[in-house]
Structures are given as C-alpha cells and as structure tokens.
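Me: I have a structure open here and would like to talk it through with you. Shall we take it feature by feature?

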Amino acid sequence: MSGAARHRPLGVVTRGTTNPNRLRRVDNWIVATCADRLLAAADPLVVDLGYGATPVTAVELRARLAAGVRPDVRLVGLEIDPARVAAAAPAADPPGLTFARGGFELAGLRPVLVRAFNVLRQYDEREVPDAWRTMTAALAPGGVLVEGTCDELGRLASWLLIDADGPRTLTLAAKLTTLGSPAELAERLPKALIHRNVPGEPIHELIRALDDAWQASAPYATFGPRQRWLSAVTRLRETGWPILGGPNRWRQGELTLPWPAAPRGV
Ligand SMILES: C[S@@+](CC[C@H](N)C(=O)[O-])C[C@H]1O[C@@H](n2cnc3c(N)ncnc32)[C@H](O)[C@@H]1O
C-alpha cells in the first residue's frame, strides 16, 4: 500500500486558482536560500502542497530546482482534490516529478522542503498553527516549510520559512516595475499576518516603515525602481530593522526579516 493510501488527507478542497510563472519569486528565493539543505540531503525530496487546478507551478518548481540546485531533485505535487490529482497525471515525469493525493499530513512522505502557496489563505486564521505543526512534523530532519501568498500574477508575494520550531523568517517580495507603493503588499500577507495589518500590530509598523522609506527614497526613482527599493531597504536597516541577506537579494525586490524580530502573527 502506498504512503498516500495509508493516510487520510488532512484539509479541505478550496479554489484551484493558479497561473504559469505565478510563483517565480518564491521559487527563485528557494533556489538561492534553500539550496544547501537540498544538496546535503540523501534524498532530495520536495513537496508542492496544493498545486491547484493545473500542475503548472509544480512543473516549474521542479524545473527550477533541477536546473539551479541538483538535477536529481524529486518533486511530488500533492493535492487534496482527487480530480486535480487525475488532471495532473499527464504532466508527470517520474521519478523527478509525480502527483498524488495528500493534505497537511504530506501523505506519508518525508520531504526536505515543502512549498505551500496560496493554500492557507482560504482557511480560517485559527487553523494556521495546527496546519503548520502537522506539515513540519512530517518533514525530514532539518526540513523546512515555505508557506505564503501572492496575487494572481505573482507581482506581490510574501512567505514564511518555517521549521520544526516554528517560523524563522518573513519575506516580502514585489515586481518593482509595477509596484506603486510597498503598502500594496499588505493585501498579500500570509494568513498568519493578513488580519493583523491594523494600527498597533507589528506587521502594520513594518509595512508603514517600509512605505515611509520608499517615499523618502523617491529621488532614486530617476535611476529606476530597483535603485529606489535598494535605498528604501537601506533606510529601513539604518532605522534598526534587522533585515537579512544582502543587495543580491534586495535588488530582486525582496525583504527578509528574522521572525523573532518580524511582526508576530499567530
Ligand atoms: C489557490 S490554489 C493554489 C495553487 C498554487 N499553489 C498557486 O499558488 O498557484 C489552492 C489549492 O490548494 C488545495 N488545498 C487546499 N487545502 C489543501 C490541503 N490541506 N492539502 C492539499 N491541498 C490543499 C486546493 O484544493 C487548491 O487546489
């Protein structure tokens, strides 16, 4: 009996909205920041949980990891909706890419990395901690969960890196050429934070501080939105926000903070 058959999938079927290339920002970040874990793994198994109505973003993640990290990476797309598992079958390319039915329990798999994008946003905020705990309990030792949200086209995104001890970092990411102001990111926060963007909550302070730094960096717009973002991130750092990484990541339109210093949601 397969692992998938032994486990009752935990969760509920939700809307299957997805789009090609929608998750490129988080995928590129995973390639850049999680490569060591995958390279060190005896079995480089990755799960894409809740890939949606078509498996396009699972296919893309597998291709990005194979090209950018290691060619023998194995990606399993898990969906709680059996019809979506059946619909994905023609896209399978075993052993590197397969699809199965599964939920937060991860169908008995022990992956090094799980990407769960635009899955928890359709759940109640109170369900988030249990979902995190269930997923991280199923990881291989040292494994991580990348859980987040983005808009339809992937121009605005945010995600948490979570391990067995809970969230470690929060990343905000935007396509800079279409970004009006960083306040737009507030609509695409992870479920744990989206309802906390109100005065008095730390996530509200962060978004406001980033927006202020962006406004103060308006003169850099002459040199393009990338220079303006770099200036805003630098200003934010100078005012004491413990921003991680360096210009290589910031110039992608990203901002990552350690979770203990980042706004705490649930
Ligand atoms: C909005 S789609 C996201 C598709 C893709 N990840 C993306 O970001 O474009 C959410 C999908 O998650 C699935 N889903 C919801 N809860 C799940 C769970 N607990 N386990 C597996 N899949 C789940 C839904 O059936 C749906 O197809």
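Reply: Happy to! One term before we start: helices (H or I, at least four residues) and strands (E, at least two) are DSSP runs, numbered from the N terminus. Please keep in mind that this is a predicted model.

Me: Good, then let's use those names. In which loop is the place of Asn-21?

Reply: Asn-21 is a residue with a positive phi of about 70 degrees, although it is not a glycine. Its relative accessibility is 33%, so Asn-21 counts as partly exposed. As for its place, Asn-21 sits in the loop between helix H1 (3-6) and H2.

Me: And Leu-106, is that residue buried or exposed?

Reply: Leu-106 is found in the loop between S3 and S4. Its phi is near 65 degrees, a positive value in a residue other than glycine. Most residues other than glycine have a negative phi. With a relative accessibility of 0%, Leu-106 counts as buried.

Me: Which two residues does a cis peptide bond join?

Reply: Most peptide bonds are trans. Here there is a bond with omega at about 5 degrees, which is cis. One of its partners, Pro-95, lies in the loop between helix H5 (82-88) and S3. The cis bond joins Pro-94 and Pro-95.

Me: On to the pockets. How much space lies in the largest pocket?

Reply: Rolling a probe the size of a water molecule over the atoms shows where empty space is left. For the largest pocket, that space comes to about 380 Å³.

Me: Which residues that line the largest pocket are the closest to its centre?

Reply: Strand S1 (45-49), strand S2 (74-79) and strand S4 (113-117) are the elements that give two or more residues to the lining of the largest pocket. By class, this lining has 12 nonpolar, 12 polar and eight charged residues. Of the 32 lining residues, the closest to the centre are Thr-14, Arg-15, Gly-50, Asn-118 and Val-119.

Me: Now the second largest pocket. Which element gives the most to its lining?

Reply: The second largest pocket holds about 260 Å³ of space. Its lining has 15 residues, and Arg-25, Ala-174, Arg-226, Arg-251 and Gln-252 are the closest to the centre. Helix H2 (24-33), strand S7 (166-174) and helix H9 (225-238) each give two or more residues to this lining. The most, three residues, come from H2.

Me: From which domains does the lining of the second largest pocket draw at least three residues each?

Reply: By class, four of the residues in this lining are nonpolar, four are polar and seven are charged. At least three residues come from each of two domains: domain 1 (10-164) and domain 2 (176-256).

Me: S7 came up in that lining. How many bridges join S7 to strand S8?

Reply: S7 is mostly covered, as eight of its nine residues are buried. Its pairing with strand S8 (residues 254-258) is antiparallel, and Ala-173 stands opposite Glu-254 there. The number of bridges between S7 and S8 is five.

Me: How many residues lie between S6 and S7 in their hairpin?

Reply: Strand S6 (residues 156-163) runs antiparallel to S7, and eight bridges join them. Within this pairing, Trp-159 of S6 stands opposite Thr-171 in S7. The two strands form a hairpin, and the number of residues between them is two.

Me: Trp-159 has a ring, too. Which residues do ring pairs link into a cluster?

Reply: Rings of Phe, Tyr and Trp pair if their centres lie within 6.5 Å. By this rule the count comes to six aromatic pairs. The cluster linked by ring pairs is made of Trp-29, Phe-117 and Trp-159.

Me: How far apart in sequence are the parts that the pair of Phe-104 and Tyr-123 ties together?

Reply: The ring centres of Phe-104 and Tyr-123 are 5.3 Å apart and the planes stand at 55 degrees, so the pair is tilted. Both residues are buried. Phe-104 lies in the loop between strand S3 (97-101) and S4, and Tyr-123 in the loop between S4 and helix H6 (128-137), so the parts tied together are apart in sequence by 19 residues.

Me: A last one: what separates the C-alpha atoms of Leu-176 and Gly-224?

Reply: Leu-176 lies in the loop between S7 and helix H7 (191-194). It counts as buried, at 9% relative accessibility. Leu-176 and Gly-224 are 48 residues apart along the chain, and their C-alpha atoms are separated by 9.0 Å.

Conventions
Residues numbered from 1 in each chain as written. Predicted model: local features only at pLDDT ≥ 70, side-chain atom pairs only at ≥ 80, totals over all residues. Heavy atoms only, no water. 1 Å grid on protein atoms, 1.4 Å probe; cavity = no way out; pocket = protein on both sides within 12 Å on 5 of 7 lines; lining within 4 Å. Points joined across faces, edges and corners; volume = space filled by probe spheres on them. Nonpolar A, V, L, I, M, F, W, Y, C, P; charged D, E, K, R; others polar. Domains from an automatic or database assignment. Buried < 20%, exposed > 50% of the residue type's maximum accessible area, 1.4 Å probe, protein only. Pairing = 2+ DSSP bridges. Phe/Tyr/Trp six-rings, centres within 6.5 Å; stacked < 30°, edge-to-face > 60°.
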